[in-house]
Structures are given as C-alpha cells and as structure tokens.
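Here are some exercises to work through with the model open beside you. Try each task before you read its solution.

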Amino acid sequence: MDTIECINSKRSIRAYEETQIPYETVMELLTLGTKASTGSNHQPWGFVVIQDAQKIEDLSKNIKAYLLENLEKYPYLSQYETWLQSEKYSIFNNASTLIIVYGNTDSHWYIYDCTLAAGNIMLAAYSKGIGTCWIGFAEYYFNTPEFKKKYKIPENYELVAPLSCGYIKGTVKPPERKPPVVFNK
C-alpha cells in the first residue's frame, strides 16, 4: 500500500481479530515511529508495550472503575457513564496489544514529537493490516504514579498516546472528512 492510499483509507479501528501481533512486528512499528521528525533531534519518545490479554482486560476494568469514581473531576466524560458501567465494554476494544507512547518532558517539543511518532506507528500498522485506535479514556490512568512505577516509566516522561492495536476484524470504509478550512482564502 502506498503512502497516499494508506492516508486516504486509514481509520480508527475498534474491532480486532484475536490473533496476537508478533513482538518483532511491534518492534518494527516502534522503529518506524522513531523515524518521525523531532525538534532539535531530541527524540524524546519512550514506549510501553503490553501483549497480555488478561493484563489488558484488567487495565480496562481498572480504568472504568477509576473514571466512575472520579467523574466529578471530568464532567465532560459523564456522557460515557453507561459505557463505563457496562461489563461488556472494553476500553481497549479487546485489542491484543497496547502501545503506549510517552514523551520526555526535558524536551520542549515532546508532545509534538511523540504525536508524530504515534502517527507513524498508526500509518505503518495500517499498511500491514493492523488497526489502531488512540484511546482517550486511558489518559486518565496511564500517567498515574502507580502505573508509571509498575511499568518503569521515568518521572520526567508524560503520557502522549495510548494506542490499542490488533489485526483488523472485517472490512472498514475509508473515513469521511470535511474539506479543509482555510482561514485566509
């Protein structure tokens, strides 16, 4: 798949096959992620990879419980309360793999650089038949001191992009998008 075709047809995927992505493939995706542009060549990215279905399911349950207990802090999430209460709802869409991108805050550009790395990972994955979805709900949990300690994430690294990943289940239509808004035309 060429680059333009990949960009035109890639979309967030929320239905995955049960087949595990080989770790070597995940490492290839991370390496392609690190080919992203980077301010002052700081390369501030760091990654956590989780490929254990039970751990991923446990994380989903923990995040749902955490969000339900703290909805008053995040009133904009109240619209999702029914989802969070559902035992059937998986934050990670039953993905076989999580790739979590962190950025070294010593770099002023860590958010930009790591977002570009995540974009590379998502496009490279899609070109290999692997779907990804940026999981917003995870941002409230993956930056907690407990999570960071468990996964050996240095204090000066902050969460940038929590991605669920898996082989795409079924077929998906390309996304529909509004035309670009140009302010100075």
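**Exercise 1: a core residue**

Task: find which residues Phe142 touches, leaving out residues up to four places away in sequence.

Solution: Phe142 touches Leu59, Ile63, Phe92, Leu98, Ile100, Tyr102, Phe147, Lys148, Leu159 and Pro162, where contact means heavy atoms within 4.5 Å. A note on the source: this is a predicted model, in which local features need pLDDT of at least 70 and side-chain atom pairs count only at pLDDT 80 or more, while totals for chains, interfaces and linings use all residues. Residues are numbered from 1 along each chain as its sequence is written, and side-chain values use heavy atoms, with hydrogens and water left out.

**Exercise 2: two helices**

Task: describe how helix H2 (residues 23–33) and helix H5 (residues 110–127) cross.

Solution, step by step:

1. The axes of H2 and H5 come within 7 Å and cross at roughly 135°; axes are lines fitted to C-alpha atoms, for helices over the stretch in contact, and angles run from 0 to 180 degrees between N-to-C directions.
2. That angle makes H2 oblique to H5 (under 35 degrees is roughly parallel, over 145 roughly antiparallel, 65 to 115 roughly perpendicular, and the rest oblique).
3. On the H2 side, the contact is made by Leu29, Leu30, Leu32 and Gly33. H5 brings Ala117, Asn120, Ile121, Ala124 and Ala125.
4. By class, the contact of H2 with H5 has seven nonpolar, two polar and no charged residues (Ala, Val, Leu, Ile, Met, Phe, Trp, Tyr, Cys and Pro count as nonpolar, Asp, Glu, Lys and Arg as charged, and the others, Gly among them, as polar).

Technical notes
Helix = DSSP H or I, 4+ residues; strand = E, 2+ residues; numbered from the N terminus.
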